[in-house]
Amino acid sequence: MAEMWINMGPQHPMTHGLWNLRVKIDGETIVAAEPEVGYLHRGIEKICEARTYPQIIPIADRLCYGSSLTWSHLYCLTIEDLMDVEVPERAEYIRVMAIEMQRIASHLMWLAAYAGDLGLAVGFTYTMRDREVLVDLLQALTGSRLTYNYPRIGGVAHDLPPDFERDTIRAVQYMEMRLKEYEDLFDGSKIFMMRNVGIGILRKEDGINLGVTGPSLRASGVDYDLRKDMPYSVYPEMDFEVATHEDGDCYARYRVRMDEMWESCRIIRQALQKMPKGRWRIVAPRNAPAGTGLGRVEDPRGEAVMYAVGDGTDRPYRLKIRSPIFVTVSAAPKILVGYKLADVVAIMGGLDMCIGENDR
Amino acid sequence: MSEGSERDSTGVVGIEKAPSRIGENPENRVLRALAESFPRTVSGGTQLRPGVIRARVDRSDLYSACRTLRDDLGFEHLTMISAVDYEDRFEIVYHITSYQSRLLIELISTAPKDDPVVDSVSSVWGGANWQERESYDLMGIVFNSHPKLERILLPKDVLYHPLRKDFRG
């Protein structure tokens, strides 16, 4: 049969943002694939060079609309490494609690989009509704719904609002009840299972060599989580498991993210229990010394890294951002080739694309 | 504990505890192995903090140093490639992770301003492919023997490299 190229995107329900996947098909089978990105490039790295250090925190939020708190947290970690700032312990616990809430919210948004992709519309409405519980909590904490501008260099912007512990415990209890229901809903859905099990297998060696990180790599059987293996903040104090799966297919990637949400619930409870009293912010210096700073965190999508170069002024000389999904997408041809055209939606959906951080 | 003391009485533990070749900490081991393999081109090996080390490598030996890191020292994951435009040089910084020994190495290579060329490592780590294209696109670093060195984030007909300091928009 004649081979031909098909453009899936830049406007396509599968893409969840602006990007283009060119696939070469032979009949229904994919023989080559070529992602094209860059439609949402805003030049954030260049913008940062012209802003003072505190001004960049809201810009870092805009990197990913799904998990903005992780990015501003990562930015603050990097600059604290550059400026050698010690953060008060209470602020570290507040940050860990907030980014775990953000992780659940991000995974729920992924699950909603994924369910919608695979024709399970009820999954979309359930998960988006329950994500609202966490978004409300984060709104109580930070004042806004999606881009929070909450961490500061040297702490967080405000302390917890009144009754926040009570509301959080209630929300976590509610989430644990709902997660059980999602597992019944998705694992019990024959269509969902047929489109997931055995589709889009990524071998462990390929995943490591192609730089895939995060849940997609852990689903291929690599037990590596920066929260455990290169711990930052107060994660060494937390008791949690790293979710892994051996199969490396779309179902494994779904399973890993579901297990991570359970673990995030555990971390939120522990962070609330262990949170000490005290200050939540110290005043950081205005200028950074000449030198470099490095921050690495486990983003909901993988390994997010920032590398900052300071030159003694109040603006960064260079800020390099490593987006986990940018590297993961470059591995997409390896996963796609050999499967049917209809599987593209499941495979690319299962990688949890976020174009904001991908294109920067 | 009780099992250990039993084995103590038989003397087995004494044999197992023979002096290990890897007694020094893993950070130093990697730095020493790298410096011994490339005595003339690798310099400035330091430990930044536990688990993070830094070394400088001349660009003539960049590819073989990366091969050594992956094949012999277990650094199987290329985390990030960043290019920095200093006043007198370009620095290309490679952050490479070892999943086995939980280490991160920051490998710095430099290129002069009028000749921003280094060897591509995309045949060592497949994850380097797009990151090198990004450095080419935004900073104008040319990577020798890269399979497809094209612009990736900007349109193909753009004439400038915006992250360079001499770029005025």
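A salt bridge is a side-chain nitrogen of Lys or Arg within 4 Å of a carboxyl oxygen of Asp or Glu. The exercises below apply to a predicted model.

**Exercise 1. Determine whether A:K320 and B:E134 meet the salt-bridge criterion, and place the pair in the interface.**

Solution.
Step 1. The closest N and O atoms of B:E134 and A:K320 are 3.0 Å apart.
Step 2. The cut-off is 4 Å, and B:E134 therefore forms a salt bridge with A:K320.
Step 3. Between chain A and chain B the count of salt bridges is six.
Step 4. Polar contacts link 20 residue pairs between chain A and chain B, with both residues at pLDDT 80 or more.

**Exercise 2. Describe the side of chain A that touches chain B by its elements and residue classes.**

Solution.
Step 1. Elements of chain A that give two or more residues to this side include strand 3, helix 1 (44–49), helix 8 (204–209), strand 7 (302–310) and strand 8 (318–322).
Step 2. Strand 7 of chain A supplies the largest share, five residues.
Step 3. By class, this side of chain A comprises 18 nonpolar, eight polar and 14 charged residues.

**Exercise 3. State the extent of the interface between chain A and chain B.**

Solution.
Step 1. Contacts join 40 residues of chain A to 42 residues of chain B.
Step 2. The two chains bury about 3400 Å² between them.
Step 3. Of this buried area, 59% is on carbon and sulfur atoms.

**Exercise 4. Characterise the largest pocket.**

Solution.
Step 1. The space in the largest pocket is about 570 Å³.
Step 2. Its lining has 19 residues, and those nearest the centre are A:L77, A:P231, A:Y232, A:S233 and B:R49.
Step 3. Helix 3 (68–83) and strand 6 (291–299) of chain A are the elements that give two or more residues to this lining.
Step 4. The lining of the largest pocket divides into nine nonpolar, two polar and eight charged residues.

**Exercise 5. Characterise the second largest pocket in the same manner.**

Solution.
Step 1. The volume of the second largest pocket is about 320 Å³.
Step 2. Of the 14 lining residues, A:L210, A:S330, A:P333, B:N129 and B:W130 lie nearest the centre.
Step 3. Two or more residues of this lining come from each of strand 3 (29–36) and helix 13 (332–336) of chain A, and helix 5 (128–139) of chain B.
Step 4. Seven nonpolar, three polar and four charged residues make up the lining of the second largest pocket.

Key
Residues numbered from 1 in each chain as written. Chains lettered and ligands numbered in written order. Predicted model: local features only at pLDDT ≥ 70, side-chain atom pairs only at ≥ 80, totals over all residues. Heavy atoms only, no water. 1 Å grid on protein atoms, 1.4 Å probe; cavity = no way out; pocket = protein on both sides within 12 Å on 5 of 7 lines; lining within 4 Å. Points joined across faces, edges and corners; volume = space filled by probe spheres on them. Helix = DSSP H or I, 4+ residues; strand = E, 2+ residues; numbered from the N terminus. Nonpolar A, V, L, I, M, F, W, Y, C, P; charged D, E, K, R; others polar. Contact = heavy atoms within 4.5 Å. Buried area = accessible area lost by both parts, 1.4 Å probe. Polar contact = N/O pair within 3.5 Å; in protein donor to acceptor, adjacent residues only side chain to side chain.
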